[in-house]
Amino acid sequence: MLIAGNWKMYKGPAETAEFCLALRDEELGGVDVVVCPPYVSLAVAVQLLAGTEIAVAAQNVHWEDEGPYTGEISPPMLRELGVYGAIVGHSERRQLFGETDETVALRTRHALAAGLFVIACVGETAEERERGEMEEVLRRQVSVLDADDNLVVAYEPVWAIGTGKTATPEMAQEAHAFVKSLLDVPVLYGGSVKPDNAAELLGQQDVDGALVGGASLEVDSFTAICRAATRS
Ligand code: PGA
């Protein structure tokens, strides 16, 4: 069971330090825990969580080692900081910043080759689900990925992200089973995971963890989700 906190564009270095110092003292049970702060807060998170079981990952990563790519960060740069992995292909990157299946594939492949752990995000929009295209969309998004020991997929229905609308446990289970029929990797659920719905979602057979946005920003709610995962 893996619980990853995607902080998005929240928490600079000072708030990150405060969060990590508090998280270090929490009992997180037997689950794998990852926090994904903004780039500028990675160094302090790595430093303060060194020697704990909690890993630090970035929210994106480029495919080249270096070059004229303004605003991008490369896999070796993350490795140099002691960062463990990266989220790739989050729906906010796809919807707001032009990320495509092709760039998701490049980012994922090169991050894995550089020794990073990757959480690759997939998921359908509300319109795609209404049109009955969920499987087609997932098939297209997953088809560019290759199974790897350091790869997990996060199924995040776009309509459930930051909206308070969670997929029902049955909907999550169905989508996860479908993703796993395409690619043999662990699959995390993401989209409005909260302390009060985590246990039910994480209790589904093919739900191997969660990618948590909003509820990962407070130590109390994040640790409550980690503890729910321990019991699932
Ligand atoms: P949310 O975000 O938990 O705030 O819905 C999840 C995500 O975007 O990874």
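Q: Which residues is Y189 in contact with, leaving aside its neighbours within four places in sequence?
A: In this predicted model, where contact means heavy atoms within 4.5 Å, Y189 touches Y155, P157, A160, T166, A167, A172, H176, L201, V207, G209, A210 and L211. Residues are numbered from 1 along each chain as its sequence is written, and side-chain values use heavy atoms, with hydrogens and water left out. Because the model is predicted, local features need pLDDT of at least 70 and side-chain atom pairs count only at pLDDT 80 or more, whereas totals for chains, interfaces and linings use all residues.

Q: What makes a set of residues a nonpolar core?
A: The members must be buried Ala, Val, Leu, Ile, Met, Phe, Trp, Tyr or Cys residues joined through side-chain atoms within 4.5 Å, where buried means under 20% relative accessible area with a 1.4 Å probe and protein chains only. The largest such core has 64 residues, and I3, V35 and Y189 have the most contacts inside it. A second, separate core of 14 residues includes C36, A57, V152 and L211.

Q: Why is C20 called buried?
A: Its relative accessible area is 0%, and a residue counts as buried when that value is under 20%, so C20 meets the definition.

Q: How do you know that the sulfur of C20 is too far from the closest cysteine sulfur for a bond?
A: A disulfide is a pair of cysteine sulfur atoms within 2.5 Å, but the closest cysteine sulfur to that of C20, in C36, is 11 Å away, so the two are too far apart for a bond. For C226, the closest cysteine sulfur is also in C36, at 12 Å, again too far for a bond. The structure holds zero disulfides.

Q: What makes H90 a polar contact of the ligand?
A: A polar contact is a pair of N or O atoms within 3.5 Å, and a polar side-chain atom of H90 lies 2.7 Å from an oxygen atom of the ligand, so the pair meets that limit. A polar side-chain atom of E156 likewise lies 2.7 Å from a ligand oxygen, while a backbone N or O atom of G162 lies 2.6 Å from an oxygen atom of the ligand.

How values were computed: Buried < 20%, exposed > 50% of the residue type's maximum accessible area, 1.4 Å probe, protein only. Polar contact = N/O pair within 3.5 Å; in protein donor to acceptor, adjacent residues only side chain to side chain.
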